[in-house]
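Here is a short briefing on one protein model. Please keep the sequence and the 3D view open while reading.

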Amino acid sequence: MAAKITEIKPLEILDSRGNPTLRTQVRLDSGTTGKASVPSGASTGKREALELRDSEPSRYLGKGVRKAVANVTDIIAPHVIGMDVAAQAEIDRKMLELDGTPSKSELGANAILSVSMAVAVAAAEDQGMPLFDYLGQRDGYMLPAPMCNILNGGAHADNNVDIQEFMIVPTGAKRFSEAIRMAAEVFHHLKQTLKSKGYNTSVGDEGGFAPNLKANEEALDVIMTSIEKAGYQPGKDIYLALDVAASEFYQDKTYVFKKSDGSRRDIDQMVAFYQTLVDAYPIISIEDGFSEDDWEGWKVLTQALGKRIQIVGDDIFVTNPTILKRGIDQGIGNAILIKLNQIGTLSETIETIRYAHAHDYACVISHRSGETSDTFIADLSVALNTGQIKTGSLSRSDRVSKYNRLLEIEALLTDQAHYAGAQAFSKYIR
């Protein structure tokens, strides 16, 4: 018989940007506890579940989460205490009923998610199982290929680069631990490359370097140089990936590169821009190449490049199975980014992943730009065999903690797991 929940204690803590977020602890009648912390995004989709903030200008510049904390204590806890901790779907459904809104705006997605995640952690602890095994319960597991964001732009950096994330994907590794070593070596060579050009080597929100560059393409050039200096072959050992975050510079149905040269592009010109990049560089994945409001642009991009590279929807899908279904029906993208706090419960997140996999869409488990040291998403990526994870650069402990957790899982599983690597991108590697 599953243990019952006896106590739920939320706490206002700080995320990696120094903004408040929630950490919630669930205690069971067996004496076991589980904790979980929720992240926060900077580049957010308008259809995301609502992150409840206090809006008190005199406290944390209005970003406090005492209302969300109170909602956990005063509304969620009285209804969830006494329930079986293993009844994840039932607990999540109860919280959705208590909220009663499509966007979780009454209680706050941050309040609901903190409890949802902590319940799963407590249940795994009570069963004496690693979280990934409790959530996955399968015979074999796959360690995800990391999409390491080593150069930041867009809303994640105070520089003149429009594209938000430039990532490396070490597909040529045989093990996850080897993949992380390869990525770290490229990261350190990138620092040397930037220094040699006289560029700043401070880092952005997700731990990647954030220099002012001559053009968006120069970011790709310095990364290519760094891959080669590290002793690897671009397009064989390591591929490139982009998160454009195009919603951030979508204005009046055109795309304005306002951080760099101020140039404007319509749908066809944006697609031509991406085709030029894919022809010139070993890019294997493009995320959010068009705005969340530009479904026509998404369709044109998918038709143009969907058989050559992975086309990932983040802001457009917001981890929502209903919106994803619409995208699949319309031929939008071929992959979805998975962020727990976009939808607000673990159960809905798992539902979205399973729906995507059933329709041959790849899933990329993702962090947010405002993170904590919580490693839940590392276990989630392994539990559901997503094969890909995006959790930042090879600096900042809030990013590295996820990679270190995956290294622990690999050591724990030994021969019971294999590294996704090239397999995760087998459709696009020629």
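Which residue stands opposite Gly 313 in strand 14? The residue is Ile 336. The model is predicted. The points below cover two sheets, the helices on them and the aromatic side chains.

**Nine-stranded sheet**
- This sheet is open and has nine strands, in the order 5-16-15-14-13-12-8-7-6. The pairing is mixed.
- The edges are strand 5 (145-146) and strand 6 (148-152). Each has a single partner strand, so one side of each has no neighbour in the sheet.
- Strand 13 (residues 310-313) pairs with strand 14 (residues 335-338). The sense is parallel, and there are two bridges.
- Helix 11 (residues 346-358) lies across strand 14 and strand 15 (362-366). Helix 11 runs at about 165 degrees to strand 14.

**Three-stranded sheet**
- A further open sheet has three strands in the order 1-2-3, with antiparallel pairing.
- Strand 1 (5-14) and strand 3 (33-37) are the edge strands, and each pairs on one side only.
- From one strand to the next, the twist averages 15 degrees.
- Strand 2 (residues 20-28) and strand 3 run antiparallel and are joined by five bridges. Arg 23 has Ser 37 in strand 3 as its bridge partner.
- Helix 1 (residues 66-80) packs on this sheet and touches strand 1 and strand 2. The direction of helix 1 makes about 170 degrees with that of strand 1.

**Aromatic pairs and cluster**
- The count of aromatic pairs is ten.
- One of them joins Phe 249 and Tyr 255. Their centres are 6.2 Å apart and their planes 75 degrees apart, which makes the pair edge-to-face.
- Tyr 255 also pairs with Tyr 250. Here the distance is 4.7 Å centre to centre, with 35 degrees between the planes, and the pair is tilted.
- Are Phe 249 and Tyr 255 buried or exposed? Phe 249 is buried, at a relative accessible area of 3%. Tyr 255 is buried too, at 0%.
- Tyr 250 has 21% relative accessibility and counts as partly exposed, because the buried class ends under 20%.
- One aromatic cluster is formed by Phe 249, Tyr 250, Tyr 255, Phe 257, Phe 273, Tyr 274 and Phe 290.

**Arginines over rings**
- Phe 257, a member of the cluster, has Arg 265 over its face, at 4.3 Å from the ring centre.
- Arg 326 lies over the face of Trp 295, at 3.6 Å from the ring centre.

Methods: Residues numbered from 1 in each chain as written. Predicted model: local features only at pLDDT ≥ 70, side-chain atom pairs only at ≥ 80, totals over all residues. Heavy atoms only, no water. Pairing = 2+ DSSP bridges. Helix = DSSP H or I, 4+ residues; strand = E, 2+ residues; numbered from the N terminus. Contact = heavy atoms within 4.5 Å. Axes fitted to C-alpha atoms, helices over the stretch in contact; angles between N-to-C directions. Phe/Tyr/Trp six-rings, centres within 6.5 Å; stacked < 30°, edge-to-face > 60°. Buried < 20%, exposed > 50% of the residue type's maximum accessible area, 1.4 Å probe, protein only. Lys NZ or Arg CZ within 6 Å of the ring centre and 35° of its normal.
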